[in-house]
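Got your viewer open? Let's take a short walk through this structure, one selection after another.

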Amino acid sequence: MTDNERTANEGIIKDLEEKGVRFVYLQFSDILGVVKSVTIPIEELADSIEHGKWFDGSSVEGFVRVLESDMYLKPDLSTITLLPWEQDGEPAARVVGSVLTPEGKLFPGDSRTVLIKATEAAAALDYRFYVAPELEFYLFSPKENGQVVPLTQDQGGYFDLSTGLSASIRKEMVHVLREMSVRVETSHHELGAGQHEIDFAPEDALKNADSIITARYTIKAIAQRHGLSVTFMPKPFEKLEGSGLHVPMSLMNISTGKNAFSDAKDEYGLSETARYFLAGLLYHARGMCAILNPLVNSYKRLVRGFEAPVYITWARVNRSALIRVPKVNPQKLNTTRLEIRNPDPSCNPYLGYTTMLACGLHGIKEKLSLPPPVEENLFTFDEEELRRRQIVSLPETLGEALDELQKDTVIREALGDMLFSKFLDAKRREWREYCQHVTPWERDNYLGVW
C-alpha cells in the first residue's frame with residue numbers, strides 16, 4: 001500500500017468516526033450469491049484494510065475444505081456506505097470485500113473475483129461492460145401458519161398508480177438505496193398483487209453486481225420495518241406472474257467512449273459487434289441457464305402463458321423472445337442495448353454478469369452467425385412450426401440446465417475450474433434433494449388412486 005493510499009484510507013476512517021460509526025460489516029458473497037458478513041469495531045478497520053480479516057472458508061458454501069480453511073477478506077473502500085436503518089443508537093457501515101488466500105492472492109472461488117477477472121479480460125479487448133437490471137420482487141404478509149400469500153390490499157397492476165402502503169414502502173426503499181449510492185433510475189408496480197420492480201441506472205458490471213447484492217438485503221430490511229416480508233423467489237405464487245431480473249446490457253469502447261453496439265444504419269440499430277455478441281448469448285443460452293436461473297423454482301417461472309421467455313430467439317417488439325432489442329431515440333444512439341429476459345432475482349449477479357460477458361465475447365471472437373429475429377408471439381407456435389424454424393427451448397428443469405452447463409467449456413473457462421465445479425456440486429445436491437421430495441400435489445393426486 002502506498003503512502004497516498006494509506007492517507008486516503010485514514011481520511012475515510014476519520015469521516016466514519018466523525019459520523020459516529022462504531023461497527024463495520026465486512027461483506028462478501030458465497031457462490032450462490034448469499035451475503036456473508038463479519039462485524040468489526042471501527043477501530044479494527046485500518047488493520048483489516050492493511051492485512052485483511054481472517055474467516056473460516058470451510059464453513060462457506062462452495063469455498064474450501066476444512067484443511068484449507070484459512071481465508072482473508074480484503075475490504076474495497078470504494079464500496080463503503082452507511083446503513084441508513086442502523087443509524088439510531090449505534091451507527092454502522094458496510095464495505096464489500098474480495099476474498100484472499102493466506103498467501104495474499106485473490107481466491108479463485110470468490111465470485112466477485114471471477115467478475116473482476118472477466119471485466120479485465122474485456123478491458124484488454126477495449127471493452128467495458130455496462131448493465132442496467134430490472135429487479136422484481138413480491139411484498140407479502142407473513143402468516144402464523146407459515147403460509148405465504150400476496151398482499152390482498154395491493155391489487156395494483158402493471159404501472160398502476162397506487163397510494164397505498166406498498167407504494168410508500170417502495171418509495172422508501174428507493175430513497176434508502178440512493179442514500180447508499182445505489183443508482184436507482186425508476187420504480188413501479190408490476191403485474192402481480194404485491195409485486196414491484198426497481199430499475200437500476202446503467203453502470204459498470206462490477207459496481208452493479210455490488211448494488212444488486214446490497215439491494216436484496218436492503219429491500220428486505222425496509223419491508224421488515226413495516227411488518228412485511230419480501231421474496232425474490234422466481235415463482236412464489238402459482239397463479240401469479242413470476243419475478244424476473246431482466247438485464248439490459250451494452251459494451252462501451254474504452255478508447256472512444258462510444259457504445260460498441262450502436263449502428264444507425266442497421267434495421268435494428270445494431271452494430272456488427274452487437275450482432276456477434278447477441279449470437280454468442282443465443283449460442284450459449286442453454287448453458288447459461290443454470291447460472292441465470294439457479295433454483296428448482298426458477299423453472300416454474302419459465303413456462304408458456306406468462307411473460308417469461310421459453311424459446312431461444314431474439315426480437316424487438318416480441319416480449320416472448322429470450323433477448324429483446326429495445327428501440328432507442330435516434331438522438332441517443334449511445335443507449336443502444338440488448339435485454340436478456342430469462343435471468344431471475346435469485347441468481348448470483350457476479351456469476352451472471354461473468355457468464356453473459358464471456359458468452360457474448362465468445363460470439364465476437366468467433367464471429368458467430370446470428371439467426372433471423374422472430375417477431376411473432378412464440379406461444380402461438382405449435383411443435384411443427386418450432387421445428388420448421390429450428391427454434392430451441394430453454395431447459396425445462398434445473399437438472400436439464402445443469403447438464404447443459406456441464407458441457408459448456410466457455411462458461412467453465414470464464415468461471416474457473418474451482419468455482420465451476422463447486423457450483424455444479426452444490427446445485428446437483430439441490431436437484432437430487434428435490435427429486436426425492438414427495439410434494440402435497442403428488443399425495444393429493446395419487447394417494448387415493450393408486
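**Stop one: a loop lysine**

Begin by selecting lysine 367, which sits in the loop between α9 (349-366) and α10 (383-388). Keep in mind that you're looking at a predicted model. Is lysine 367 buried or exposed? Its relative accessibility is 58%, so lysine 367 counts as exposed. Now check the backbone: lysine 367 isn't a glycine, yet its phi is positive, at about 50°. That's worth a pause, since most residues other than glycine have a negative phi.

**Stop two: another positive phi**

Next, pick aspartate 126, in the loop between α3 (111-124) and β7 (127-131). Aspartate 126 isn't a glycine either, and here phi is positive at about 75°. With 24% relative accessibility, aspartate 126 counts as partly exposed, because that label covers values between the 20% and 50% cut-offs.

**Stop three: an arginine and its neighbours**

Move on to arginine 183, which you'll find in the loop between α4 (165-179) and β10 (184-189). Arginine 183 has 42% relative accessibility and so counts as partly exposed. Which residues does arginine 183 touch, leaving aside those up to four places away in sequence? Show Asp199, Phe200, Ala201, Pro202 and Glu203, and you have them. Zoom in on proline 202: its backbone oxygen lies 2.9 Å from a polar atom of the arginine 183 side chain. For another view, draw a distance from the C-alpha of arginine 183 to the C-alpha of glutamine 195; they're 12 residues apart along the chain and separated by 21 Å.

**Stop four: a covered strand**

Now select strand β15, residues 311-315. This one is mostly covered, with 5 of its 5 residues buried. Turn on the side chains: Tyr311, Thr313 and Ala315 point one way, while Ile312 and Trp314 point the other. In a regular strand, side chains alternate between the two faces of the sheet. Add strand β16 (residues 321-324), which pairs with β15 in the parallel sense over 3 bridges. Where does tryptophan 314 find its bridge partner? Look in β16 for isoleucine 323.

**Last stop: a patch on the surface**

Finish with tryptophan 441, in helix α14 (residues 440-446). Tryptophan 441 has 52% relative accessibility, so it counts as exposed. Select Tyr446, Val449 and Trp450 along with Trp441 and switch on a surface: these residues form a nonpolar patch there. Together they have about 590 Å² of accessible area.

Terms used
Residues are numbered from 1 along each chain as its sequence is written. This is a predicted model: local features need pLDDT of at least 70, side-chain atom pairs count only at pLDDT 80 or more; totals for chains, interfaces and linings use all residues. Side-chain values use heavy atoms; hydrogens and water are left out. Patches are made of residues with over 30% relative accessible area and no salt bridge: like charges are joined within 9 Å, nonpolar side chains (Val, Leu, Ile, Met, Phe, Trp, Tyr) within 5 Å. Accessible areas come from the Shrake-Rupley method with a 1.4 Å probe; for residues, only the protein chains shown count as cover. A salt bridge is a side-chain nitrogen of Lys or Arg within 4 Å of a carboxyl oxygen of Asp or Glu. Helices (H or I, at least four residues) and strands (E, at least two) are DSSP runs, numbered from the N terminus. Buried means under 20% relative accessible area, exposed over 50%, partly exposed in between (1.4 Å probe, protein chains only). Two strands pair if DSSP finds at least two bridges between them. Contact means heavy atoms within 4.5 Å. A polar contact is a pair of N or O atoms within 3.5 Å; within protein, one must be able to donate a hydrogen and the other to accept it, and residues adjacent in sequence count only if both atoms are side-chain atoms.
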